[in-house]
Amino acid sequence: MSTKILIVDDAAFMRMMIKEILSKNGYDVVGEAENGRDAVAKYKELSPDLVTLDITMPEMDGISALKEIKSFDPAAKIIMCSAMGQQSMVIDAIQAGAKDFIVKPFQADRVLEAVAKTVSS
């Protein structure tokens with residue numbers, strides 16, 4: 001059974017990049033969301049094994065979405081995606097329960113390493 005992943009990023013291009021990396025490597029991308037509010041709704045609907053979550057998004061940012069998902073599913077496995085220079089937000093996200101983080105622009109091997117490590121944890 002392949003790992004079900006929900007990709008959350010406000011940029012369609014970034015979602016496409018992550019989806020391509022994951023799909024090529026046997027992961028099942030079950031859904032996409034473009035803001036934190038959609039992410040929370042889709043998480044409840046799809047019950048993914050893992051979420052890649054952008055930190056900076058409109059409507060609800062990634063850290064708020066992370067906290068909300070963790071509030072109803074403490075076992076949720078979430079990897080944060082950040083741009084360079086967002087270290088303080090990454091620290092907040094890890095403290096709020098994120099398992100790992102990846103930095104944009106995405107390096108395929110780093111994305112796969114973070115996903116493999118998080119899924120097996």
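**Packing around Leu53 and the sheet**

Colleague: Leaving aside neighbours within four places in sequence, which residues is Leu53 in contact with?

Modeller: Contact means heavy atoms within 4.5 Å. Neighbours within four places in sequence are left aside. The partners of Leu53 are then Val8, Ala39, Gly62, Ala65, Leu66, Ile78, Ile79, Met80 and Cys81.

Colleague: This is a predicted model, so at what pLDDT do side-chain atom pairs count?

Modeller: Residues are numbered from 1 along each chain as its sequence is written, and side-chain values use heavy atoms, leaving out hydrogens and water. In this predicted model, totals for chains, interfaces and linings use all residues, local features need pLDDT of at least 70, and side-chain atom pairs count only at pLDDT 80 or more.

Colleague: Which element supplies the largest share of the largest nonpolar core?

Modeller: A nonpolar core is a set of buried Ala, Val, Leu, Ile, Met, Phe, Trp, Tyr and Cys residues joined through side-chain atoms within 4.5 Å; buried means under 20% relative accessible area, exposed over 50%, partly exposed in between (1.4 Å probe, protein chains only). The largest core has 22 residues, and Leu53 is among those with the most contacts inside it. Elements are DSSP runs numbered from the N terminus: helices (H or I, at least four residues) and strands (E, at least two). The largest share, four residues, comes from helix H3.

Colleague: What is the order of the strands in the open sheet?

Modeller: Strands pair if DSSP finds at least two bridges between them. The pairing in this sheet is parallel. The five strands run in the order S2-S1-S3-S4-S5.

Colleague: Why is one side of S2 and of S5 left without a neighbour in the sheet?

Modeller: S2 (28-33) and S5 (100-103) stand at the edges of the sheet. One side of each is left without a neighbour because each has a single partner strand.

Colleague: Which residue in S3 is the bridge partner of Val8?

Modeller: S1 (residues 4-8) and S3 (residues 50-54) pair in the parallel sense over four bridges. In S3, the partner of Val8 is Leu53.

Colleague: Is Thr52 buried or exposed?

Modeller: Thr52 has its place in strand S3. Residues up to four places away in sequence aside, Thr52 touches Ile5, Leu6, Ile7, Val8, Ile18, Ile79 and Cys81. Its relative accessibility is 0%, so Thr52 counts as buried.

Colleague: At what angle does H3 run to S4?

Modeller: H3 (residues 62-72) lies across S3 and S4 (78-82). Axes are lines fitted to C-alpha atoms, for helices over the stretch in contact, and angles between N-to-C directions run from 0 to 180 degrees. For H3 and S4 the angle is about 175°.

Colleague: Over what arc do the buried residues of H5 lie?

Modeller: The buried residues of H5 are Val111, Ala114, Val115 and Thr118. The arc is that of the directions from the helix axis to the C-beta atoms. They share one side of H5, because the arc they cover is only 95°.

Colleague: Which residues are exposed on the other side of H5?

Modeller: The covered side of H5 meets S1, H1 (12-24), S3, S4 and S5, among what covers its buried residues. Exposed on the other side are Asp109 and Ser120.

Colleague: Which residue in S5 stands opposite Cys81?

Modeller: S4 and S5 pair in the parallel sense over four bridges. S5 has an uncovered face, Phe101 and Val103, and a covered one, Asp100 and Ile102. Opposite Cys81 stands Ile102.
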